[in-house]
Amino acid sequence: MENKKLFYKLLSLQDDFNSKVNKNWKNESKDDFDWATCIMCEGAESIDTGLTYKHWKKQELDMLNFQVEVVDMWHFIMAQHLVKYSKEYLSDVYNYNYMYCDLENVDYNGVSDNKLFKRDIKMLVHSSLGYD
């Protein structure tokens, strides 16, 4: 399936899931659905659980948990954007720009430098919140 159709399907599934939680989810106030805070918290969790930044402790890289947190963050990013934009528009944006990151070419397997993780998570969070 081409990228645009695949991304449209992903957005549709996210929209369907959110509608099962709350049929009126797109019209709720920011206080009810604060997507920006959700994105920031998942970003922090991905760094806290997936990276070995705590120099005062012996830590192992938990790649599986890191990936889970990034996927959680991605779901909140999609939800945040579905409130503002149509699935068609977002699919077009994704098709041309891969939305925020070129995730197809990211390969962290075997990488010991946590700076890559931190940089990319910060970039994903900042991009989704509208920061430079």
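Okay, so the chain we're looking at has five helices and zero strands. Helices here are DSSP runs of H or I with at least four residues, strands are E runs of at least two, and both are numbered from the N terminus. Reading from the N terminus on, the elements go α-α-α-α-α.

Before the details, a word on the source: this is a predicted model, where local features need pLDDT of at least 70, side-chain atom pairs count only at pLDDT 80 or more, and totals for chains, interfaces and linings use all residues. Residues are numbered from 1 along each chain as its sequence is written, and side-chain values use heavy atoms, with hydrogens and water left out.

Now the whole chain. Buried residues make up 33% of its 132 residues; buried means under 20% relative accessible area, exposed means over 50%, and partly exposed is in between, with a 1.4 Å probe and protein chains only. What about contacts, meaning heavy atoms within 4.5 Å? Of the contacts with a separation of 6 or more, 69% are between residues 24 or more positions apart.

Let's zoom in on helix 1, residues 3–21. Its 19 residues should span 27 Å at 1.5 Å a residue, and the end C-alpha atoms are indeed 27 Å apart, so the two agree. The expected span, by the way, is 1.5 Å times one less than the number of residues.

Which residues of helix 1 are buried? They are F7, L11, S12, Q14, D15 and N18. Looking down the axis, these buried residues fall within an arc of 165 degrees, so they line one face of the helix. That arc is taken from the directions from the helix axis to the C-beta atoms. On the face turned away from the buried side you'll find the exposed residues K5, F17 and K20.

Have a look at D15, also in helix 1. D15 counts as buried because its relative accessibility is 10%. Leaving out residues up to four places away in sequence, D15 touches W25, K26, L82 and K87.

Next, the core. In soluble globular proteins, nonpolar side chains tend to be buried together. A nonpolar core is a set of buried Ala, Val, Leu, Ile, Met, Phe, Trp, Tyr and Cys residues joined through side-chain atoms within 4.5 Å. The largest one here has 13 residues, and F7 and L11 touch the most other members. Two or more residues come from each of helix 1, helix 2 (35–50), helix 3 (63–84) and helix 4 (87–97). Helix 3 gives the most, with six residues. As for L11, beyond its neighbours within four places in sequence, L11 is in contact with M78, L82, K87, L90 and S91.

Last topic: aromatics. The structure holds five aromatic pairs. Rings of Phe, Tyr and Trp (its six-membered ring) pair if their centres lie within 6.5 Å; planes under 30 degrees apart are stacked, over 60 edge-to-face, and the rest tilted. F7 and W74 have ring centres 6.0 Å apart and planes at 45 degrees, so that pair is tilted. F7 sits in helix 1 and W74 in helix 3, 67 residues apart, and the pair links these distant parts of the chain. F7 is buried because its relative accessibility is 3%, and W74 is buried at 15%.

Then there's W25 with W35, an edge-to-face pair at 6.0 Å centre to centre and 90 degrees between the planes. W25 is in the loop between helix 1 and helix 2, and W35 is in helix 2, so the pair ties together parts 10 residues apart in sequence. And W25, F33, W35 and F76 form one aromatic cluster.

Terms used: Contact = heavy atoms within 4.5 Å.
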